[in-house]
Amino acid sequence: MEQAFDRDFWERRWDQVVREHPEVVATRPPNGHLTSEVGELEPGRALDAGCGHGGEALWLAAGGWRVDAVDFSPTALQAGRSAGLELGADVADRIAWIEADLGRWSPPPQHYDLVACLYVHIAGSVAEFVTRLARGVAPGGTLLLVGHRPIDPETGADTPAAGQVQVSVGEAVQAIRALEAAGGWRIDVAEERRRAGEGSGVDAVIRAVAPDRPSAQAEPSPAFHTT
Ligand SMILES: C[S@@+](CC[C@H](N)C(=O)[O-])C[C@H]1O[C@@H](n2cnc3c(N)ncnc32)[C@H](O)[C@@H]1O
């Protein structure tokens, strides 16, 4: 039977990880693509969509960002919340941990200076998902998407992301270009990068900047609103 990467799957996985490796969860460093791609940005409002146990949200908050960290796993969110409190009130107070299903949840239009989404399985259409997240980016803000590719292009073998649909360079670029056509998005990075670790394949990394001026793109179609 095909594996469903749904809320139950992730909740079971996070429950196991938090029980068996609490120290790893509490101390995991932020993702290298995030630190290298957004480290130079002026802190503002950030969304970490599919934050897991919050390594990236915590790093952003420690750097001065106000972060909305969204995930549908309560166990992962609780782990992130606890790690934040360990770091002190100045970090913890800058993060809102939000339990929501990204299959339905939409960011407020043109709200975030940074929308980051790393390694999230997409249950529906990649184009719709990318478009929905992009609509949450404020004028001049940054969209950072990272997806683990399911097949290692060098060996043709499955990676740990096999069976999942995550963002690819091609689909993300196409979705952003469609926005671009209507309002000047700029794609600064769109490439596959080898992952550390044999057999783990490549990551798709996409960084794009929203037009400086607010656009009519801000208004999501009714289909994109949270139900
Ligand atoms: C592979 S983990 C990545 C976590 C984190 N972004 C990172 O880079 O370490 C994927 C995360 O996405 C969350 N997720 C997957 N589908 C989701 C959905 N539809 N809504 C909310 N969260 C989702 C899972 O609960 C999990 O925490």
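## The sheet

In this predicted model, seven strands make up an open sheet, and their pairing is mixed. Reading across, the order goes β3-β2-β1-β4-β5-β7-β6. At the edges sit β3 (95-99) and β6 (186-194), each with pairing on one side only. From one strand to the next, the twist averages 15 degrees.

Let's zoom in on one pair. Strands β4 (residues 112-118) and β5 (residues 137-148) pair in the parallel sense, over six bridges. Tyr-112, for instance, has Val-137 in β5 as its bridge partner.

## Helices on the sheet

Helix α5 (residues 74-87) packs on the sheet, where it touches β2 (66-71) and β3. The direction of α5 makes about 170 degrees with that of β3.

Helix α7 (residues 126-134) packs on the sheet too, touching β1 (45-49), β4 and β5. Its direction and that of β5 make an angle of about 145 degrees.

## Where two helices meet

Helix α5 also has a helix partner: its axis and that of α4 (residues 55-62) come within 10 Å and cross at roughly 30 degrees. Angles under 35 degrees count as roughly parallel, so α4 and α5 are roughly parallel to each other. Their crossing is right-handed.

On the α4 side, Ala-57, Leu-58 and Ala-62 make the contact, and on the α5 side it's Gly-80, Ala-83, Gly-84 and Leu-87. By class, that gives five nonpolar, two polar and no charged residues.

## Around the ligand

There are 17 residues around the ligand, and Trp-10, Gly-50, Gly-52, Phe-72 and Leu-102 come nearest. The shell divides into eight nonpolar, seven polar and two charged residues.

Methods:
Residues are numbered from 1 along each chain as its sequence is written. This is a predicted model: local features need pLDDT of at least 70, side-chain atom pairs count only at pLDDT 80 or more; totals for chains, interfaces and linings use all residues. A residue is near a molecule or strand if its C-beta atom, placed from the backbone, lies within 6 Å of it. Ala, Val, Leu, Ile, Met, Phe, Trp, Tyr, Cys and Pro count as nonpolar, Asp, Glu, Lys and Arg as charged, and the others, Gly among them, as polar. Two strands pair if DSSP finds at least two bridges between them. Helices (H or I, at least four residues) and strands (E, at least two) are DSSP runs, numbered from the N terminus. Axes are lines fitted to C-alpha atoms, for helices over the stretch in contact, and angles run from 0 to 180 degrees between N-to-C directions. Two residues are in contact if their C-beta atoms, placed from the backbone, lie within 7 Å. Angles under 35 degrees count as roughly parallel, over 145 as roughly antiparallel, 65 to 115 as roughly perpendicular and the rest as oblique. A crossing is left-handed if the near helix is turned anticlockwise from the far one by less than a right angle, and right-handed if clockwise.
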